[in-house]
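Hello,

Here is the structure I promised to pass on to you. Have a look at it first, and then read on for what turned up in it.

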Amino acid sequence: MPAAEFEWVVPADHPAFPGHFPGRPIVPGVVLLDQAILFAEKLLGKAGAHWQIGNAKFLSPVGPAETLVFSLQTTPRGSIVFTVKSGTRDVASGSLTRSAV
């Protein structure tokens, strides 16, 4: 089963920060999911797929300029499970499934 790790440094000027939240910017969960999908497409070598979120857990807030490591692995059923860490801190986890749409 294919597996890979991808590193992403959260841009300090990410456009989501001004509204999420003023005075204490954190990365919205949807941004982490978007990155997980982009890395899933790299892992599979297939861009432009439609995805369903099987589940997602957001465990710890992420701020500007943090370095995140996304670990992805395919399952026998063809879905992808992922974890996100900042150093040793767990940030998020979940699963993705390619949709038939």
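**What was found**

Asp 90 has a relative accessible area of 40%, so this residue counts as partly exposed. Please keep in mind as you read that the model is predicted.

**Salt bridges**

Why begin with Asp 90? Asp 90 forms a salt bridge with Lys 85, and the closest N and O atoms are 2.5 Å apart. Lys 85 is partly exposed as well, at 33% relative accessibility. As background, side chains of opposite charge can pair when their charged atoms come close.

How many salt bridges does a search of the whole structure find? The answer is two. Besides the pair just described, there is a salt bridge between the side chains of Glu 66 and Arg 89, at 3.0 Å from N to O. Glu 66 sits in the loop between strand E2 (51-58) and strand E3 (67-74), while Arg 89 belongs to strand E5 (residues 89-98), so this pair ties together parts that are 23 residues apart in sequence. Is Glu 66 buried or exposed? Glu 66 is buried, because its relative accessible area is 18% and the cut-off for buried is under 20%. Arg 89, at 32% relative accessibility, is partly exposed.

**Aromatic rings**

Next, look for the rings. A pair of aromatic rings is described by the distance of the centres and the angle of the planes. The structure holds three aromatic pairs. In one of them, Phe 6 and Phe 39 are stacked, with 4.7 Å from centre to centre and 5° between the planes. This pair links distant parts of the chain: Phe 6 is in strand E1 (residues 3-9) and Phe 39 is in helix H1 (residues 29-44), 33 residues apart. Both rings belong to buried residues, with relative accessibility of 16% for Phe 6 and 6% for Phe 39.

Phe 39 also pairs with Phe 70, this time edge-to-face, with 5.1 Å between the centres and 65° between the planes. Since Phe 39 lies in helix H1 and Phe 70 in strand E3, the pair ties together parts that are 31 residues apart in sequence. Phe 70 is buried, with a relative accessible area of 0%. If you select Phe 6, Trp 8, Phe 39 and Phe 70 together, you will be looking at one aromatic cluster.

**The sheet and the helix**

Now step back to the strands. Five of them form an open sheet in the order E1-E3-E4-E5-E2, with antiparallel pairing. Why do E1 and E2 each have one side without a neighbour in the sheet? They stand at the edges and have a single partner strand each, so one side is left free of a neighbour there. On average, neighbouring strands of this sheet are turned by 20° against each other, direction ignored.

E1 and E3 run antiparallel and are joined by seven bridges. For a place to start tracing them, try Ala 4, which stands opposite Leu 72 in E3. Helix H1 packs on the sheet and touches E1, E2, E3, strand E4 (80-86) and E5. The direction of H1 makes about 50° with that of E3.

Enjoy exploring, and write back with any questions.

Best wishes

Note on methods: Residues numbered from 1 in each chain as written. Predicted model: local features only at pLDDT ≥ 70, side-chain atom pairs only at ≥ 80, totals over all residues. Heavy atoms only, no water. Salt bridge = Lys/Arg side-chain N within 4 Å of Asp/Glu carboxyl O. Helix = DSSP H or I, 4+ residues; strand = E, 2+ residues; numbered from the N terminus. Buried < 20%, exposed > 50% of the residue type's maximum accessible area, 1.4 Å probe, protein only. Phe/Tyr/Trp six-rings, centres within 6.5 Å; stacked < 30°, edge-to-face > 60°. Pairing = 2+ DSSP bridges. Axes fitted to C-alpha atoms, helices over the stretch in contact; angles between N-to-C directions. Contact = heavy atoms within 4.5 Å.
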